[in-house]
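User: I would like to go through this model and see, term by term, on what grounds each label is given. Please set the values against the cut-offs as you answer.

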Amino acid sequence: MAQRRFALLNKVIGRKYFSLPVYTSSELNDISNIVNTDRDKVNGSMVYNSTTSQPLWSFGADDASTWRDAQAVVVNTPV
């Protein structure tokens, strides 16, 4: 199983820190990368893009589902 990287965001929610899986744009655009093939990828899965320094959400559960920002703009498309 591939080791996942996590980023500790400097946000506190209810006095608890949270972490997100961290991937580069190249990894998010690679349809064969674990981020796109993992069974944990569901509609709304959240990751942190270290290339663009922003959180992204999956719009779908299949390998080719796009990754979008908070305004629902497509940022990464797995191919």
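User: Where does Lys41 lie?

Analyst: Lys41 lies in the loop between helix H2 (34-37) and S3, where helices (H or I, at least four residues) and strands (E, at least two) are DSSP runs numbered from the N terminus. This is a predicted model, in which local features need pLDDT of at least 70 and side-chain atom pairs count only at pLDDT 80 or more, while totals for chains, interfaces and linings use all residues. Residues are numbered from 1 along each chain as its sequence is written, and side-chain values use heavy atoms, with hydrogens and water left out.

User: How do you know that Lys41 has no salt bridge, and which side chain of opposite charge is nearest?

Analyst: A salt bridge requires a side-chain nitrogen of Lys or Arg within 4 Å of a carboxyl oxygen of Asp or Glu, and Lys and Arg count as positive, Asp and Glu as negative, with His and the chain ends not counted. The nearest side chain of opposite charge to Lys41 is that of Asp62, at 6.0 Å, so Lys41 has no salt bridge under the 4 Å cut-off, although Lys41 is buried. Buried here means under 20% relative accessible area, exposed means over 50%, and partly exposed is in between (1.4 Å probe, protein chains only).

User: What makes the pairing of the side chains of Lys41 and Asn36 a polar contact?

Analyst: The side chains of Lys41 and Asn36 are 3.0 Å apart in this contact. A polar contact is a pair of N or O atoms within 3.5 Å; within protein, one must be able to donate a hydrogen and the other to accept it, and residues adjacent in sequence count only if both atoms are side-chain atoms. The distance of 3.0 Å therefore falls within the 3.5 Å cut-off. Lys41 also touches, leaving aside residues up to four places away in sequence, a list of residues including Asp62, Trp67 and Pro78, where contact means heavy atoms within 4.5 Å.

User: Why is Pro78 called buried?

Analyst: Pro78 has a relative accessible area of 4%, which is under the 20% limit, so Pro78 counts as buried. Pro78 lies in the segment after S6, and among the residues that Pro78 touches, not counting those up to four places away in sequence, are Leu28, Ile31, Lys41 and Trp67. The C-alpha atoms of Pro78 and Glu27 are 8.6 Å apart in space, although 51 residues separate the two in sequence.

User: Why is Thr51 called exposed, and why is Ala72 called partly exposed?

Analyst: Thr51 has 52% relative accessibility, which is over 50%, so Thr51 counts as exposed. Ala72 has 35% relative accessibility, a value in between the two limits, and therefore counts as partly exposed. Thr51 is placed in the loop between S3 and S4, whereas Ala72 lies in the loop between strand S5 (66-68) and strand S6 (74-76). Thr51 touches Thr24 and Ser25, residues up to four places away in sequence not being counted, and a polar atom of the side chain of Thr51 lies 3.0 Å from the backbone nitrogen of Ser25.

User: How do you know that strand S3 and strand S4 pair?

Analyst: Two strands pair if DSSP finds at least two bridges between them, and strand S3 (residues 46-49) is joined to strand S4 (residues 54-59) by four bridges, so the criterion is met, with the strands running antiparallel. Val47 stands opposite Leu56 in S4, and Asn49 has Gln54 as its bridge partner in S4. S3 and S4 form a hairpin with four residues between them, and Ser53 in the turn has a positive phi of about 55°.

User: How many bridges support the pairing of S4 and S5, and in which sense do they pair?

Analyst: S4 and S5 pair in the antiparallel sense over three bridges, with Phe59 opposite Thr66 in S5. Their hairpin has six residues between the strands, and Gly60 in the turn has a positive phi of about 135°.

User: Which elements make up the protein chain, and what share of the residues counts as buried?

Analyst: The protein chain has two helices and six strands, which run β-β-α-α-β-β-β-β from the N terminus on. Of its 79 residues, 33% count as buried.
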